[in-house]
Amino acid sequence: MEYSLVCHNLYAFSFSPVKNKLFLLGIMFLLWVYMLYSCVGYCATMPSLVVDNYRGKETGSVVGKRIENNGRGDLMSRLLPRPQPWVDIESDYDETSVRTSSRDLLNNDIDAYRGAEDWDEMRGEGQKVPEPGAMSSFSNGSGSKKLPQAIIIGVKKGGTRALLEFLRVHPDIRAVGAEPHFFDRNYENGLEWYRELMPKTLEGQITMEKTPSYFVTREAPARISAMSRDTKLIVVVRDPVTRAISDYTQTLSKNPDIPTFESLTFKNRTTGLIDTSWSAIQIGIYAKHLDNWLQYFPMGQILFVSGERLISDPAGELGRVQDFLGLKRIITDKHFYFNQTKGFPCLKKAEGSSKPHCLGKTKGRTHPNIHPEVVQRLRDFYRPFNMKFYQMTGHNFGWD
């Protein structure tokens with residue numbers, strides 16, 4: 001009798017509906033806690049997985065191993081076939097080998113001097129260049145860093161610095177001050193390194209950069225196209241003869257002992273044969289360089305700004321640029337005044353300042369006197385290339 005009573009009580013306890021529900025709820029609660037714990041642990045590892053996957057690092061957490069290229073895993077550089085070796089007229093800025101050609105040494109001096117100016121500008125703006133591999137905190141509530149939607153790709157000594165400074169007045173344009181040289185010198189650092197250089201932008205703002213040497217770098221069009229085929233390109237062009245003299249003047253101010261402009265211009269002064277191996281001459285053959293860009297970008301995605309009109313009518317040229325970028329014409333005549341001393345327009349109010357602003361002392365140098373015969377020989381040399389350039393762009397820049 002006692003045994004039956006005990007069994008009956010155990011049976012009632014074990015199969016009580018209330019107890020069963022509590023038991024099941026307890027199990028479900030434990031399972032929920034376990035799943036939540038597992039999810040938190042997994043999510044904590046997600047940022048590194050995304051970064052590793054994007055940058056192509058070999059890691060067991062990423063599905064599919066990627067082949068490393070020279071220790072770096074830039075996805076875009078692996079998808080894009082590596083270009084064939086090509087001697088870029090501005091790519092030997094850090095050569096350490098001794099050359100016998102005075103023109104090659106001069107080109108090295110030009111690039112070294114330009115690089116020093118670039119970094120001085122960057123330091124002056126309080127920007128910091130990240131080490132390769134540094135990651136950006138893409139968003140912190142005050143905008144995010146994006147790859148540029150528009151790039152000023154050239155040309156050197158054409159007026160690119162003036163154009164960039166003028167554009168930065170526009171509230172919908174954010175641009176890095178110094179020249180990144182990503183698509184010509186630092187491509188192996190990867191797109192994340194490049195993105196880290198960019199300023200933060202808000203929704204609707206355009207990210208920009210300018211590096212004039214891109215226009216003459218053979219690999220640059222393919223690399224920019226691989227980043228984004230929708231990138232808008234801006235080229236500031238100037239009379240190639242005046243541009244070459246300005247290029248030489250910049251180098252002369254740094255190194256007064258360089259050969260004369262005349263001796264560098266000709267392979268043989270007697271025959272009048274122009275030496276196109278000198279970068280100052282070669283950059284001005286615009287038609288040749290543009291042909292390379294048209295293999296990757298349609299003409300409608302490239303805007304050509306006149307360096308001469310950027311001086312004589314800055315508001316007019318800035319209006320064309322703002323239209324090209326799809327922006328409201330905010331930069332107008334009221335933003336400029338002409339500086340008689342420097343000989344070019346300056347901003348009445350620069351970005352983030354209430355004071356007038358002109359470009360630095362390295363801009364507007366006085367050109368040396370070049371013999372008229374040398375100038376005429378150069379004009380004769382450039383004339384057929386200029387005509388071809390006019391045909392390609394559909395615009396006569398009036399250099400002849």
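Me: What places D247 and R243 about one turn of the helix apart?

Reply: D247 and R243 both lie in helix α9 (residues 240–254), and four residues separate them. A helix here is a DSSP run of H or I with at least four residues, and a strand is a run of E with at least two, numbered from the N terminus. The structure is a predicted model, in which local features need pLDDT of at least 70 and side-chain atom pairs pLDDT 80 or more, while totals for chains, interfaces and linings use all residues. Residues are numbered from 1 along each chain as its sequence is written, and side-chain values use heavy atoms, with hydrogens and water left out.

Me: Why is the contact between the side chains of D247 and R243 called a salt bridge?

Reply: The term requires a side-chain nitrogen of Lys or Arg within 4 Å of a carboxyl oxygen of Asp or Glu. For D247 and R243 the N to O distance is 3.1 Å, so the pair meets the rule. Both D247 and R243 are also buried, a word that stands for under 20% relative accessible area (exposed is over 50%, partly exposed in between, with a 1.4 Å probe and protein chains only).

Me: How many salt bridges does the rule give?

Reply: The count comes to 14 salt bridges.

Me: What makes R161 and E165 another such pair?

Reply: The closest N and O atoms of R161 and E165 are 3.1 Å apart, so the limit is met. R161 and E165 are four residues apart in helix α6 (residues 160–167), which means a separation of about one helical turn. Both R161 and E165 are buried; for R161 the relative accessible area is 7%, so the value falls under the limit.

Me: How do you know whether R377 and E373 are buried, partly exposed or exposed?

Reply: The side chains of R377 and E373 meet in a salt bridge, at 3.4 Å from N to O. Both residues lie in helix α15 (residues 372–393), four residues and about one turn apart. R377 has a relative accessible area of 27%, so it is called partly exposed. E373 has 37%, so it too is partly exposed. Elsewhere, K156, R243 and D247 are joined into one network by salt bridges that share partners.

Me: What makes helix α12 largely enclosed by the rest of the structure?

Reply: Helix α12 (residues 286–293) has eight residues and six of them are buried, so the description follows. The buried residues are Y286, A287, H289, L290, N292 and W293.

Me: Why is L30 called exposed?

Reply: L30 has 59% relative accessibility, so it passes the limit for exposed. L30 is found in helix α2 (residues 17–44).

Me: Which residues form a nonpolar patch on the surface with L30?

Reply: F29, W32, V33 and L36 form it together with L30, and the accessible area is about 540 Å² together. A patch takes residues with over 30% relative accessible area and no salt bridge, joining like charges within 9 Å and nonpolar side chains (Val, Leu, Ile, Met, Phe, Trp, Tyr) within 5 Å. The area comes from the Shrake-Rupley method with a 1.4 Å probe, and for residues only the protein chains shown count as cover.

Me: How do you know whether T160 is buried or exposed?

Reply: T160 has 4% relative accessibility, so it counts as buried. T160 lies in helix α6. Contact means heavy atoms within 4.5 Å; apart from neighbours within four places in sequence, T160 is in contact with I152, G154, V155, K210, P212 and V236.

Me: Where does the UniProt record place the feature "binding site"?

Reply: The unreviewed UniProt entry places it at several positions, including K157, T160 and R161. Such annotations may be inferred rather than shown by experiment; the positions follow the numbering used here and feature names are shortened.

Me: What is special about the phi of K157?

Reply: K157 is not a glycine, yet its phi is positive, at about 60 degrees. K157 lies in the loop between β2 and α6, and at 15% relative accessibility it counts as buried. V155 is placed in the loop between β2 (150–154) and α6, and the peptide bond from G154 to V155 is cis, with omega near -5 degrees.

Me: Why is H181 called buried?

Reply: H181 has a relative accessible area of 3%, so it falls under the limit. H181 lies in the loop between β3 (173–175) and α7 (191–197). Phi of H181 is positive, near 55 degrees, in a residue other than glycine.
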